[in-house]
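Work through the following exercises with the sequence and the model at hand, and attempt each task before reading its solution.

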Amino acid sequence: MFECGRHEDAISRVDGLIGIMDDHSLYVTVRAQMFLLLGSISMREGNNERAIDLFKRAQEAVPFQEGPHLVVITLMFGWDFDRLSPAIQLQLFKAMHAVGHTEVAMSLSTMIGIQSDNAKEAIVQYSTALYLNPSNPAGLLVKRSKARAMLGLWEDALMDADQAIKANPTGPFGYERRHAVLHSVQRYDEAIDAFTRMISLIEESIDQDLRQLGEKYVSPSRSKTAIEGVVREVSKITPIVLIDIESGRLCDGPKRLHIFKSGSQFKELVSSMTEKLDDERILRVVKKYFQYVTFSHVWAGEEPSFQDVNLVSSVWDLDSSPLNEKLKRFCEMVRKDGYRWAWSDTCCIDKTTSTVLNQSLMMMYKWYEASAATFILLADIDSPSALGKLTKSRWMTRAWTAQELLAAKVIRFYDRNWNPYLGDTHSNQKDSPEIMQELADATGIARETIITFNRERSYDCLPAVLAVYSQTPRALTPVNDTEMDVRVGALRDSLSDTDVIPMHERVARLPPARFANRRLHLPCAIFAVNKLSVQRSGSGLENHYRARVSGIGNVEFQTSDQLSLTEPRRLIFVHPWIRDLQDPLDGSTWGSTTDGDEYDSDAETEFGSAPSSPLAVEPAVTLDNYTRVLRLVVRLQQPFHALLLQQQLGGEFKRVAAEHEIVVPGIEHTINFARDVRIEVVEIL
């Protein structure tokens, strides 16, 4: 009846139903809708006074009832019951404004300052107030933007934020809403720009309350600095070069940082931390993003090298040789597991650069230990694999097998077709009793040790005496016999025997290097650092340092370790290559003499009696003590590979700046041996 134009009859019929029905709220709601529609018709006809009366009758008719009957009416006639109450209020404001009751309309609009729990209703209220053309609409636009965002009306919310900025260009809150909306729709670059502008406006404001309010915000630049600092820390135990699985390119630390900063995860972090730096979340996101998988396998000839991959730009562009396909299959498995980065010893180490090679060898254990997983290819095992095949695999004969097996927290074995060994689908096959028992039987290492190995707690597994310190990592130019005689002759004129013989005696009494009480006891010549300065910040994460070293002079080196410039005396350079200080003409035997308790050899430890030194040599020619000492001084004047140690609170030392070889120029000619050099055993963690 109402839709046919018989409005009064329809309203009368509804009034009759309200009078006879026990639950008449449904009909009250329908009557309110009818009054709203009649009022709207009256406004279109220019009869605003009647419209006001009808809208007020509609207001009195609500409460609003939901139910299936209203859904049917909505479907049949298009009546919108969801927004009935705010729609009535909006139309009432419009009608009052049209007849000149502006003050009453404005006074009613002040009620909009009270937030409605219903976002839809709030939007109508804010729209009503904005219809009245307030002199400063920015605040209402900001509120409506927030209400629209609550309903996911992102385009409308962004439009309101932009209009708020246009209405008040120097106000920060329009930019705050713009940031919130853009962040929600993952337009992070624009969101960060909006938030940066908001911070700038707050800082430029002369309003002290507003500037004080700005103290609760964290600027994007501060967030970026914090995130980059965490990336630097995480990178310290990450390989120098990794394969970017997405592009197949080899990426060093700076390239990986650039890729991270260009991606959505970095930008989302920056955009989300508006009021507080969440250090735990930053660390969690950074660690997850830079997770990498290491590759363990048997080399089978001309594996793809660092230069090979760089030549074609990408692992994926390598030709289809069997060894290249092996690398590609490894990368495919890494990608399948959802990781971004991969490391293979074939192509991720530039073996033509000695410093890179040496650093890689020194850091290899830590790299496997820090990896998300290690995938192990057993290329000589067919599918389907059977128990016992792993024991006989060539992989078990490699020199690096024990390190990779023990260091990796998560391992997976694959046969030649990249099927899991024994069909075991554990995400970590260290959880497989069968595989761990087979490894334990093959290696003689207890299952629990393989599963939970911790290098810091496992010195008891190491030999008491280490022969590794019997040779330098790379030979330096030796002194030939003729040059030795000339330089010894020159030293006779400048050094007295009383100056240097005591030092030689201390060298002769040094015991061999060994482990005891979970410390490396390292015999060495020690040179103290008197001053330390940063020469320049290097590329990537490293600094270039210059140290003023007692008895040596200036030594320059680079490292990513952050060394204290105010406590240089905690640092020492040591010459651990004691065999280099001996020669075939030296009549003494290193480690053959002890002098009371001067060096606590700990002969009776959990390791038993310490064996004699493997470095002892038989003298070919007997030299007088003075000549022997002078020959030692000449060798100390030669460049040598030094270790840099930092003293800890307990007095023991820890090695630092281990990424690169440090070549020391040798002792100065003006050295004071009693003051500038110590011959001792140091304890190293």
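**Exercise 1.** Determine whether Ile-202 is buried or exposed, and place it in its surroundings.

*Solution.* Ile-202 has a relative accessible area of 4% and is therefore buried, where buried means under 20% relative accessible area, exposed over 50% and partly exposed in between, computed with a 1.4 Å probe on protein chains only. The model is a predicted one, in which local features need pLDDT of at least 70 and side-chain atom pairs count only at pLDDT 80 or more, while totals for chains, interfaces and linings use all residues. Residues are numbered from 1 along each chain as its sequence is written, and side-chain values use heavy atoms, with hydrogens and water left out. Next, locate Ile-202 in helix α11 (residues 188-204), helices being DSSP runs of H or I with at least four residues and strands runs of E with at least two, numbered from the N terminus. Finally, list its contacts (heavy atoms within 4.5 Å): leaving aside neighbours within four places in sequence, Ile-202 meets Pro-172, Leu-210, Arg-211, Gly-214 and Tyr-217.

**Exercise 2.** Find which residues of helix α24 (residues 481-492) are buried and which are exposed on the other side, and check the length of the helix.

*Solution.* Begin with the length: the expected span is 1.5 Å times one less than the number of residues, so the 12 residues of α24 should span 16 Å, and the 17 Å between its end C-alpha atoms agrees with this. The buried residues of α24 are Met-484, Arg-487, Val-488 and Leu-491. Because they cover an arc of only 105 degrees around the axis, they lie on the same side of α24, the arc being that of the directions from the helix axis to the C-beta atoms. On the other side, Thr-482, Asp-485 and Val-486 are exposed. What covers the buried residues includes α26 (625-636).

**Exercise 3.** Describe how strand β9 (residues 543-549) is paired and covered.

*Solution.* Start with the partner: β9 and strand β10 (residues 553-559) run antiparallel and are joined by seven bridges, whereas at least two bridges found by DSSP suffice for two strands to pair. Within this pairing, Ala-547 stands opposite Val-555 in β10. Then turn to the connection, where three residues lie between the strands of the hairpin and Gly-551 takes a positive phi near 80 degrees. As for cover, five of the seven residues of β9 are buried, and the strand is thus mostly covered.
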